[in-house]
There are 2 protein chains.
Amino acid sequence: MAMKVALLGCGVVGSEVVRLVDEQAEELAARVGTPVEIGGIAVRRLDRDRGVDPALLTTDATGLVTRPDIDVVVEVIGGIEPARTLMLTALKAGKSVVTANKALLAEDGQTLHAAAREAGVDLYYEASVAGAIPLLRPLRDSLAGDRVNRVLGIVNGTTNYVLDRMDSAGSGFTEALEEAQTLGYAEADPTADVEGFDAAAKAAILARLAFHTQQVTAADVHREGITGVSAADIASARAMGCVVKLLAICQRSEDGESVGVRVHPVMLPVDHPLASVKEAYNAVFVEAESAGRLMFYGAGAGGTPTASAVLGDMVAVARNRLADTHVGEGGHDTGLPVHDMGETVTSYHVALDVAERPGVLATVAQTFAEHGVSIKNVRQEGSGDDAQLVLVSHQAPDAALRSTVERLQEDDVVREVASVMRVENFE
Amino acid sequence: MAMKVALLGCGVVGSEVVRLVDEQAEELAARVGTPVEIGGIAVRRLDRDRGVDPALLTTDATGLVTRPDIDVVVEVIGGIEPARTLMLTALKAGKSVVTANKALLAEDGQTLHAAAREAGVDLYYEASVAGAIPLLRPLRDSLAGDRVNRVLGIVNGTTNYVLDRMDSAGSGFTEALEEAQTLGYAEADPTADVEGFDAAAKAAILARLAFHTQQVTAADVHREGITGVSAADIASARAMGCVVKLLAICQRSEDGESVGVRVHPVMLPVDHPLASVKEAYNAVFVEAESAGRLMFYGAGAGGTPTASAVLGDMVAVARNRLADTHVGEGGHDTGLPVHDMGETVTSYHVALDVAERPGVLATVAQTFAEHGVSIKNVRQEGSGDDAQLVLVSHQAPDAALRSTVERLQEDDVVREVASVMRVENFE
């Protein structure tokens, strides 16, 4: 008896899924143990040519996901609604679900996992983070006997491409972004990428899996994008032996009682394995107590890579159905809370436009000292009206660093805080 | 009811497994769904202190693996016998088996998989290749809906450390190896590592999983070690923008009808992601049709990382037992044969000590031409009695390249073939 798959959505990823299921029919059948067939495809409009058998198309998505002959539902519509309602309906009807929907998982993963648990079916979502890179399954399964302390990810290809171009070609932000748009790496409205929303959703999913804490949502993630990154920041990073990367950072606190989840640009030493991730590639660096330092690298987006991840999940849930089993998740909840960004220990790189006159450094240094932040190094660039003080702090709680910068903005000797960026070596 | 584990062997990895099962008891229980307990440990001698509860120790390994209360057998003895007989006995007795034994899997994996299939139990072996790096499970599961075309691995930490030191510190082979031995990266008898036996076993396992072809064994792997790599080779590689790495290479032939599996030193361009894998780290680069280029990076050896991989497998098979299921493998066999090294397409870097006189290059070039091998570039180094011709060929079947070199050895104008190494950019 064939395993029947209902597909929700037939865009870039969906049509690739159809193509691969067709092309690899024989291999899929061998690996699952029974043939895999597309039983129907829910779309919004029937009048567009999608290169798939028109007889499979329907606009009745609810009817499709509850059809008795359907075993597995693959959701590639994206967005919150109607995806959520359809997936919950499918799970309640006893169908296993495969999804690539990071936004929904980040916002309401808990509800979906609970529904899957209650129905005794699978909910797989490898494609939701870092495209084709097998990452969620290793975190969930292979490291199940280990304790993850930190996850660092380059999980947004658009912003990595833009930052890489700013570094390698000396482009400005706007120019690099336009280039990314021309190449199809960035959308016409790049907000979700450049403001870090996409990375924040993935950070929430990673934190949940890595620390087995179910209630982390995108809203818990401290988020800063890359629109403020200037050519001067890139040059300053390079002068310190660093590159600028937009990182998703999920970290257990020192006392192990809470986790921090954040997305922001970081000046990262060039010898960190993540520093050499170029162009639109993604990579996720995992630090586990026993396994040590691991990195997963690959294409983070694109129809075909994402479809590959969807197919991997499809094979797994189909096998599980044949064996009449499912892999539960979320039953084990450490309940670790997310701490405030202010409590996160980091260090700042601060560039200050100052008046060049005696006593300026003393005043600035005094402000740092008053907030309990010590200075690691300081250099002056330019002179006269163009004088700039560039300071790198030692590690301190983000709240103390932030207050220091706020106070500096009011200092008479500081004409402008030209740039603030975190510097981390993750040692 | 607790899940009972029998441990075979209590050396570096085994004692770490005991420690982790003890330390992480609570988390393991939560993730498996029931407590996990060590039910017994088979050792050769009882009179050594291993820091474990002596009541658990026994010298009757066969008795232990057939004990009715044992659910899972973890084998960390290594080597072929008695490991094979014990694992087969355990599988036949209906126990699931977790092993780190690359040598045995490479030699006789087919028999073990068949026994697991017949008994309807699991055989997991993540720790056998690349230590803690979650690699086999992603290859088996996450890429189950994809088609792997090539796997390139730095799967032996010792040789990577030695080559890295030769490159970064300018050490000679012997000096670098002694340093590796001092640091514990190389054993007193380094043969298995430096001659490529260890990497060849892992290559066989990787090829089997990547191409779903069950009968590949270590004996099918073309193997060359790094004992012949000289400081001059390293310098020559660097002059071409390359580094020397010992790679395990598993590749589908162009017609897709066979696979090549080989281990040898390669001059690899510095911008290949594997080129920046330093010290004793391991990394495996996978090229799949849909997923594109993926890389997995981490610690490839050591008691704790290996124990982490064993625990990950232990959690998986314990969960499967609770759910009364198992993940079959090897039922789907593409049966792809392994082709001879002579058919493998590669290119050679050849350094020839020659007499410096007119016509030498013409004679050498003629020899290449007669074997159907074209020359990509050639340069002369030194002069007079120290003259050396360094040639890089275009791609050609290895057999043609090998014959060319054999013929050169007989050429009057060639005093000595100083070095031969493959150069590949894997594009």
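**Exercises on a two-chain predicted model**

Chain A and chain B bury about 3800 Å² between them, with 52% of it on carbon and sulfur atoms. The model is a predicted one.

**Exercise 1.** State how many residues each chain gives to the contact, and which residues of chain A lose the most area to chain B.

Solution. Chain A supplies 43 residues and chain B supplies 43 residues. On the side of chain A, the most area is lost by A:R31, A:S290 and A:Y297, together 16% of what that side buries.

**Exercise 2.** Find the salt bridge across the interface of chain A and chain B.

Solution. The rule finds 1 salt bridge there. B:R319 pairs with A:D141, and their closest N and O atoms are 3.4 Å apart. The cut-off is 4 Å, so the pair qualifies.

**Exercise 3.** Give the strand order of the open sheet of 6 strands in chain B and explain which strands are left with a free side.

Solution. The order is β3-β2-β1-β4-β5-β6, with parallel pairing. β3 (57-58) and β6 (123-124) of chain B stand at the edges with a single partner strand each, so one side of each has no neighbour in the sheet. Elsewhere in the order, β1 (residues 3-8) and β4 (residues 72-75) of chain B pair in the parallel sense over 4 bridges. In this pair, B:L7 stands opposite B:V74.

**Exercise 4.** Describe the packing of helices α13 and α14 of chain B.

Solution. Helix α13 (residues 360-370) and helix α14 (residues 398-410) pack at an angle of about 145°, their axes 9 Å apart. The crossing is right-handed. B:V364, B:T367 and B:F368 in α13(B) meet B:T404, B:R407 and B:L408 in α14(B). These contact residues comprise 3 nonpolar, 2 polar and 1 charged.

Methods. Residues are numbered from 1 along each chain as its sequence is written. Chains are lettered from A and ligands numbered from 1 in the order in which they are written. This is a predicted model: local features need pLDDT of at least 70, side-chain atom pairs count only at pLDDT 80 or more; totals for chains, interfaces and linings use all residues. Side-chain values use heavy atoms; hydrogens and water are left out. Two strands pair if DSSP finds at least two bridges between them. Helices (H or I, at least four residues) and strands (E, at least two) are DSSP runs, numbered from the N terminus. Axes are lines fitted to C-alpha atoms, for helices over the stretch in contact, and angles run from 0 to 180 degrees between N-to-C directions. A crossing is left-handed if the near helix is turned anticlockwise from the far one by less than a right angle, and right-handed if clockwise. Contact means heavy atoms within 4.5 Å. Ala, Val, Leu, Ile, Met, Phe, Trp, Tyr, Cys and Pro count as nonpolar, Asp, Glu, Lys and Arg as charged, and the others, Gly among them, as polar. Buried area is the accessible area (1.4 Å probe) that two parts lose on being put together, summed over both. A salt bridge is a side-chain nitrogen of Lys or Arg within 4 Å of a carboxyl oxygen of Asp or Glu.
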